[in-house]
Amino acid sequence: MSHPHALIAGAGIGGLSAALCLVRAGWQVSIFDCAPALEEVGAGLQLSPNATAILRRLDVIERLAPSSLTPEAIRVRRASDGATLALMKLGDAESRWGAPYLLAHRADLQRALLDAAAKEDAIRIHTGVAVAGFAAGADGVVAALRQGVVRVEAAGDCLIGADGSRSLIRAKLLGGAPDALQFSKRTAWRALVPAGRAGAEALRPESCLWLGRKAHLVHYPLRGGSVVNVVAIVEDDEGPSALDSGWSNQGDSDFLKARFSTWHDAARSLIGGAADWRKWRLIDRDPLPAWSAGRVALLGDAAHPMLPFLAQGAAQAIEDAGALGDALQQTAGRDEGAVSRALAAYAAARIDRASRVQRESRAQAKIYHLDGAAAFARDMAIRALGGERMLARYDWLYDARSQSAAPARDRRIRA
């Protein structure tokens, strides 16, 4: 008897991770991505233990090791004078949370996932092919595919929509209901600064978070310390039309230099060391009430696009993939009831936790960008807590051994 067959729309981090998890659950997988080639683009990623535990099971961590960094700490600094507000040490991440804390570039993670997928005969990746629609029933699901002017179909036992924040699968799954994507009035800028143009502080093996007025900056070294990944997020009210902008547009470095002109010398010097900036508008949406219907389910940004203020976008997509594999591993048959129940169980296992991360990421955005007296109170609160108690506030999120969706008290920074 042949293995059950999953169709996945989207070959991003979520789609590739899901494919690897499903193969280990005994499924064959076909992935369809509208891009003509899988380009290695994007910004750096903070891969917390809740994600790396799953990547390790997929044999991806060892592929990522040469280009990733195991940080010694997360340092929080004040923009105006560079003062360290907190130092959260990560030396015991493995014993504390059950898996390593890693820093990596999105392109390097995608390459590691693709390399792992290439070793699996049960995975087929089709580029330049868009999923344009689907029909699901008792005998399976049929996806309508578009490859240029050619229209074809693919049949499978389930369809996973991992096709991003503007997901077509989500739109059809919701029955044509209007989407609720929102422009967050914030823009993210990214660049890679060569080590020779970065200061010694920026090359320390740690993730550094700067908090400033209506903006924040994150940086850390990558690729053996040869480059420093820099992400700057600024408040930017360009209205709803900004939703139509891509996520890799050319950025004007003069704008960014002016925007950070009052920041400490170390931050300004690092920003000035970048030769090329790319920017994208940050979008958000309220949590969905459901992620699955019958043989179709959502994953990653298609299910829960979120702001990056908890650095969990990729991590939550990887968690989705792990939960999906666990749920479908229990499905020995291919009948509609078994597959539908498995996908419903997957959604039930993930929706509360991912929705909480969405909400808390949105709340954290306000805390990061405070100004005046509110910012002063926030900084005092961070210093009073200290690094260890600050880090403890993320145990619920990072612990790979107890990824519970159960409610917990609010652990965000309070000013």
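In the predicted model, six strands make up an open sheet in the order β7-β2-β1-β11-β19-β18, and the pairing within it is mixed. Strands β7 and β18 (292-293) form the edges, each pairing on one side only. Helix α1 packs on this sheet and touches β1, β2 and β7, its direction making about 170° with that of β2.

Strand β2 (residues 28-33) is largely enclosed by the rest of the structure, because five of its six residues are buried. Strand β1 (residues 5-9) pairs with β2 in the parallel sense over five bridges, and within this pairing histidine 5 stands opposite glutamine 28 of β2. The connection from β1 to β2 runs through helix α1 (residues 13-24), giving a β-α-β crossover that is right-handed. Strand β7 (residues 123-127) also pairs with β2 in the parallel sense, over five bridges. In that pairing serine 30 stands opposite arginine 124 of β7.

Helix α1 also packs against helix α9. The axes of α1 and α9 come within 8 Å and cross at roughly 25°. Angles under 35 degrees count as roughly parallel, and the two helices are therefore roughly parallel to each other. The crossing of α1 past α9 is right-handed. On the α1 side the contact involves Ile13, Gly14, Ser17, Ala18, Cys21, Leu22 and Arg24, while α9 contributes Ala314, Ala317, Ile318, Ala321, Gly322, Leu324, Gly325, Leu328 and Gln329.

A further partner of α9 is helix α2 (residues 49-57), whose axis comes within 8 Å of that of α9 and crosses it at roughly 50°. This angle makes α2 oblique to α9. The crossing of α2 past α9 is left-handed, whereas that of α1 past α9 is right-handed. Asn50, Ala51, Ile54, Leu55 and Arg57 of α2 meet Ala315, Gln316, Ile318, Glu319 and Gly322 of α9. Ile318 and Gly322 of α9 thus appear in the contact with α1 and also in the contact with α2.

Alanine 311 is located in the loop between β19 (296-298) and α9 (313-329). This residue has a positive phi of about 50° although it is not a glycine. Most residues other than glycine have a negative phi. With a relative accessibility of 27%, alanine 311 counts as partly exposed, since that class lies between the limits of under 20% for buried and over 50% for exposed.

Another open sheet comprises eight strands in the order β5-β4-β13-β14-β15-β12-β17-β16, again with mixed pairing. At its edges stand β5 (84-89) and β16 (249-251); each has a single partner strand, so one side of each is left without a neighbour in the sheet. From one strand to the next the twist averages 25°.

Within the eight-strand sheet, β12 pairs with strand β17 (residues 277-284) in the antiparallel sense over six bridges. Arginine 190 stands opposite arginine 278 of β17. Two helices are associated with these strands. Helix α8 (residues 265-272) lies across β12, β13 (206-212), β14 (215-222), β15 (227-235) and β17, and runs at about 65° to β14. Helix α11 (residues 372-392) packs on the sheet and touches β4 (73-78), β5 and β13, its direction making about 10° with that of β5.

Strand β12 (residues 182-194) contains lysine 185. The phi of lysine 185 is near 65°, a positive value in a residue other than glycine. Lysine 185 is partly exposed, its relative accessible area being 46%.

Valine 227 lies in strand β15 and is buried, with a relative accessible area of 15%. Although valine 227 and leucine 192 are 35 residues apart in sequence, their C-alpha atoms are 6.1 Å apart in space. Apart from residues up to four places away in sequence, valine 227 touches Leu192, Val193, Pro194, Ala195, Tyr220, Pro221 and Leu222.

Note on methods:
Residues are numbered from 1 along each chain as its sequence is written. This is a predicted model: local features need pLDDT of at least 70, side-chain atom pairs count only at pLDDT 80 or more; totals for chains, interfaces and linings use all residues. Side-chain values use heavy atoms; hydrogens and water are left out. Buried means under 20% relative accessible area, exposed over 50%, partly exposed in between (1.4 Å probe, protein chains only). Helices (H or I, at least four residues) and strands (E, at least two) are DSSP runs, numbered from the N terminus. Two strands pair if DSSP finds at least two bridges between them. A crossover is right-handed if, with the strands pointing away from the viewer, the path from the first strand over the helix to the second runs clockwise. Axes are lines fitted to C-alpha atoms, for helices over the stretch in contact, and angles run from 0 to 180 degrees between N-to-C directions. Angles under 35 degrees count as roughly parallel, over 145 as roughly antiparallel, 65 to 115 as roughly perpendicular and the rest as oblique. A crossing is left-handed if the near helix is turned anticlockwise from the far one by less than a right angle, and right-handed if clockwise. Contact means heavy atoms within 4.5 Å.
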